[in-house]
Amino acid sequence: QVQLVQSGGGLVQAGGSLDLSCVPNGSILRVYTMGWYRQAPGQQRELVARITRGQVADYQDSVKGRFTISRDNVMNIAYLRMNSLKPEDTALYYCTMDVQPTDHEGYRTYWGQGTQVTVSS
């Protein structure tokens, strides 16, 4: 069984920065796309950014130029650097990874436990 463990986040003033990271544990042969989603109270969960194994990233329009997703393909760690944070970035942030556990299995998507990011005005 694969589990994703998130760290980082917290409370910051508008204009500040925060970092998130996500580390998988369990049986892992290969990790494909990694992503970050967020869900604000009363809102649907939305994709923030994702990055392929080949380091190709794409972003939600509202975070372009402010957030940077990156990954470590050796340690299978996902990162999200968030700069110039705004109150509307306040949400519970989740990491996802498409993980192939063994040679005998296909991949499936796993989710982290969620990390709160709160941006005060």
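## A tour from the charges to serine 84

Start with the charged side chains: the protein has 11 positive and 10 negative charges, and their mean positions lie 1 Å apart. Keep in mind as you click around that this is a predicted model.

Next, switch to the cartoon view. How many helices and strands are there in the protein? You should find zero helices and eleven strands, so the pattern along the sequence reads β-β-β-β-β-β-β-β-β-β-β. The radius of gyration is 14 Å, close to the 14 Å that the globule rule gives for 121 residues, so the protein is as compact as a globular protein of that length. If you draw a box along the principal axes, the C-alpha atoms fill roughly 50 × 25 × 25 Å.

Now turn on the surface. About 6,400 Å² is exposed, and carbon and sulfur atoms supply 48% of that area. Buried residues make up 39% of the 121 residues.

For a close-up, select serine 84. Where does serine 84 lie? Look in the loop between strand 8 (77-82) and strand 9 (91-100). Is serine 84 buried or exposed? The answer falls in between: its relative accessible area is 39%, so serine 84 counts as partly exposed.

Show the neighbours next. Leaving aside residues up to four places away in sequence, serine 84 touches Gly15, Gly16, Ser17, Arg66 and Asp89.

For your last stop, add valine 56 to the selection and look at its C-alpha and that of serine 84. These two residues are 28 residues apart in sequence, and their C-alpha atoms are 23 Å apart in space.

Methods:
Residues numbered from 1 in each chain as written. Predicted model: local features only at pLDDT ≥ 70, side-chain atom pairs only at ≥ 80, totals over all residues. Heavy atoms only, no water. Helix = DSSP H or I, 4+ residues; strand = E, 2+ residues; numbered from the N terminus. Buried < 20%, exposed > 50% of the residue type's maximum accessible area, 1.4 Å probe, protein only. Contact = heavy atoms within 4.5 Å. Rg over C-alpha atoms; globule rule 2.2 N^0.38 Å. Areas by Shrake-Rupley, 256 points an atom, 1.4 Å probe, with all protein chains shown as cover. Lys, Arg positive; Asp, Glu negative; His and termini not counted. Charge placed at Lys NZ, Arg CZ, Asp CG, Glu CD.
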